[in-house]
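Please look over the sequence and the model shown here before reading on. The paragraphs that follow go through it one region at a time.

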Amino acid sequence: MATFSQSTIDKGSKIFQDVLCSTCEDKKLENTADFYCESCVKFYCGKCIDMHSQLFSKHAPFGRGDMKKWPVPKKVEDFILKCDVHTDKNLEMFCSEHSELCCTNCAFLNHRHCQKVTLISDIVKSQSTNLQQLSVYIQTILKEMKKLQDSQDASIQSVQSSYDEQLHTIQKTRREINAVLDTIEQKTLKDMKDTLTKLQASSKTDVEKCIRLRDELKQLHDAIQDISDKSKLELSFIAKRKCEEKIQQLETFLKKNSLQVRVSITFQPNYEIVQYLYKLSGLGRIEHCTQTLMEQESKQGIITVQGKSEQNVKISTDSEECAITAILALPDKQVLVADHKNKKVKLLDQIYQVVSHCSVTAYPQDLCDITPSEVAVTVNDYYIHEVQFITVNNMKMVTGRKLKLKHSCCGIFFHQGDLYITSRTALCKYKLRGKLVSKMYEDKSDNVTVNRCAVSPTGDKLYITNYSQHKLLTLARDGSVLATFTDPALIAPNGVHVTPAGQVLVCVGWFDIIIQVDTEGKLKLATFATKEDGLVDPRKLETWIDGNMEIMRIISFFAYVKNSGCYGNK
């Protein structure tokens, strides 16, 4: 009987799907079976079936299209029949009183007093089982469990993110306290310095006066020595009077300063500050709040895919396969796409047919609208780093002025008169005429840490994708990091888009998915577009509001195009 590879069993969800080829298994090889021969009672892979067909031409093996005719594999049979309690026993009976399956041990130990213990072989003679309906119900339950698991995983990430954020808040609070204490310390030091200066100035004045009086008296003393033996009565009289006056001044000064005082400065700490700090149990109060995912979703609006369409944007002058890296919806529901490989920007009408195009000097990277009729596209290669402005009127495209930059230019977004441009490692803010306002954020730790950018409708948050380190960063107006979002599915994120309602969407080409993140940039709300929806390597997306119905519609998720087609949802 057929068996299964251990790696397949470990995956869980595919435990009973990959049957092994019987012939290969005899050779200790693990190759998936593609055929079953009822005559041989064996399974064969695509290689072994050729030899089997040559040897047994009259046998009619069943391929995977006829798997209903394949026997139940032994692994499946053993898995179903095994008793969960007594694993060496098979289930053979059913107790109707307790609605329990029983092996012989279970029947003897737990159900020997029950009146309705019946052999399963007898029950199935009178009852039929609808496994298909059961399978559908199981799939529903599994989806609910997966949703719950994703919710719990998101909750773990959310609480970790909030912990990291509040850790920064605690550190910030400590820095603020340190700053206040530093200010108090500096003020205290200044007061003490002022006291020192004042005391030193007073003592210095006394010293200078003392020196002056001594010098003056000494000069008079020296003078009277010269005239004491000479008969100059008038000179002697004047000298005597001056000496007496000076002596009186010195005696007054000595009397005033007769007490030998040694001045010192002391500091008396304010112990109330220390006592208050000792009374505190912490820098603040730790709290936690709980919000159901349903509440979160109802506030932010979970986007779901309503359908898809596939469009062809290749034109006769294209020399390369189309590679769409950006998309922009215009107010009249026309669409612009950036064809990277062909170095073109193409205009699509309301039914997504190419009606105009213009060539650019290098590889187009991203698009943004400036006015209802003017757009900007970043073009970049090793030598050229430019922003090309294009006017769109009456289904015609006309190239206008350029901004030549000194750094690489990738993502671009226009908001309230400012251009936000990414350079792979930095987010720069420019005025519309090309003046650099500031380098808002920079990270040189890897090759592509600032890939694409978007701004919230209110302008209070900026979102950037870190391609190399698999992150979505949320920045404040001043460029400071408010939040960093990571997720196992967020591998090499490309484009980021904010809808008019503020919903944040991230393109992940690695897994061919679109992730919706909450407006704070901390929590994954949903994975609303996948490969099963027709999504292939998403790079950029765009939205508009249908003014008549007030409904948001996703226009398209364009990707690297296969067979000259573009994949998208609308």
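Between which two strands does the loop that holds K343 lie? K343 is found in the loop between β9 and β10, and the model in which it is seen is a predicted one. The phi angle of K343 is near 55°, a positive value in a residue other than glycine, and with a relative accessibility of 27% this lysine counts as partly exposed. A second loop residue can be read in a similar way: S99 sits in the loop between β4 (93-95) and β5 (100-102), and its phi is near 50°, again positive in a residue that is not glycine. S99 is exposed, because its relative accessible area is 54%, and the cut-off for that word is over 50%.

From these loops the path leads to the nonpolar interior. In soluble globular proteins, nonpolar side chains tend to be buried together. The largest nonpolar core of this model has 17 residues, and the members that touch the most others are L336, V345, L367, I390 and M397. The elements that give two or more residues to this core are β8 (324-329), β9 (335-339), β10 (344-348), β13 and β14 (385-393), and the largest share, three residues, comes from β13. To see the surroundings of one core member, the reader may turn to I390, which, leaving aside residues up to four places away in sequence, touches V345, C358, S373, E374, V375, V377, M397, V398 and T399.

Strand β13 also holds a polar residue that deserves a look. N380 lies in this strand, which covers residues 374-380, and it counts as buried because its relative accessibility is 6%, where the limit for buried is under 20%. The side chain of N380 reaches the backbone nitrogen of C409 at 3.1 Å. Beyond residues up to four places away in sequence, N380 touches A362, Y363, Q365, H385, S408, C409 and R424, so that C409 appears both as a polar partner and among the contacts. A further buried residue, H415, has its place in strand β16 (residues 412-415), and its relative accessibility is 13%. With residues up to four places away set aside, H415 touches Y420, V455, S456, P457, T458 and G459.

Charged residues come next. Side chains of opposite charge can pair when their charged atoms come close. How many salt bridges are counted in this model? The count comes to 21 salt bridges, and one of them joins the side chains of E165 and K522, with N and O 2.1 Å apart. This pair links distant parts of the chain, since E165 belongs to helix α7 (residues 131-227) while K522 belongs to the loop between β26 (513-517) and β27 (524-529), 357 residues apart. E165 itself is partly exposed, with a relative accessibility of 25%.

Another salt bridge stays within helix α7: the side chains of K187 and D191 meet at 3.6 Å, N to O, and because these two residues are four apart in the helix, about one helical turn separates them. K187 counts as exposed at 53% relative accessibility, whereas D191 is partly exposed at 38%. The salt bridge of D487 with K524 has its closest N and O atoms 3.3 Å apart. D487 lies in the loop between β23 (481-485) and β24 (493-498) and K524 in strand β27, so this pair ties together parts that are 37 residues apart in sequence. Both D487 and K524 are buried. Elsewhere, salt bridges that share partners join D318, D339, K344 and K346 into one network.

The cysteines come last. How many disulfides does a search of the whole structure find? The search finds zero. C45 is in no disulfide, the nearest cysteine sulfur being that of C48, 3.6 Å away, and C45 is buried, with a relative accessible area of 7%. In the case of C114, the closest cysteine sulfur is in C95, and the distance of 3.7 Å is too far for a bond, because a disulfide requires the two sulfur atoms to be within 2.5 Å. C114 is buried as well, with a relative accessible area of 14%.

How values were computed. Residues are numbered from 1 along each chain as its sequence is written. This is a predicted model: local features need pLDDT of at least 70, side-chain atom pairs count only at pLDDT 80 or more; totals for chains, interfaces and linings use all residues. Side-chain values use heavy atoms; hydrogens and water are left out. Buried means under 20% relative accessible area, exposed over 50%, partly exposed in between (1.4 Å probe, protein chains only). A polar contact is a pair of N or O atoms within 3.5 Å; within protein, one must be able to donate a hydrogen and the other to accept it, and residues adjacent in sequence count only if both atoms are side-chain atoms. Contact means heavy atoms within 4.5 Å. A nonpolar core is a set of buried Ala, Val, Leu, Ile, Met, Phe, Trp, Tyr and Cys residues joined through side-chain atoms within 4.5 Å. A salt bridge is a side-chain nitrogen of Lys or Arg within 4 Å of a carboxyl oxygen of Asp or Glu.
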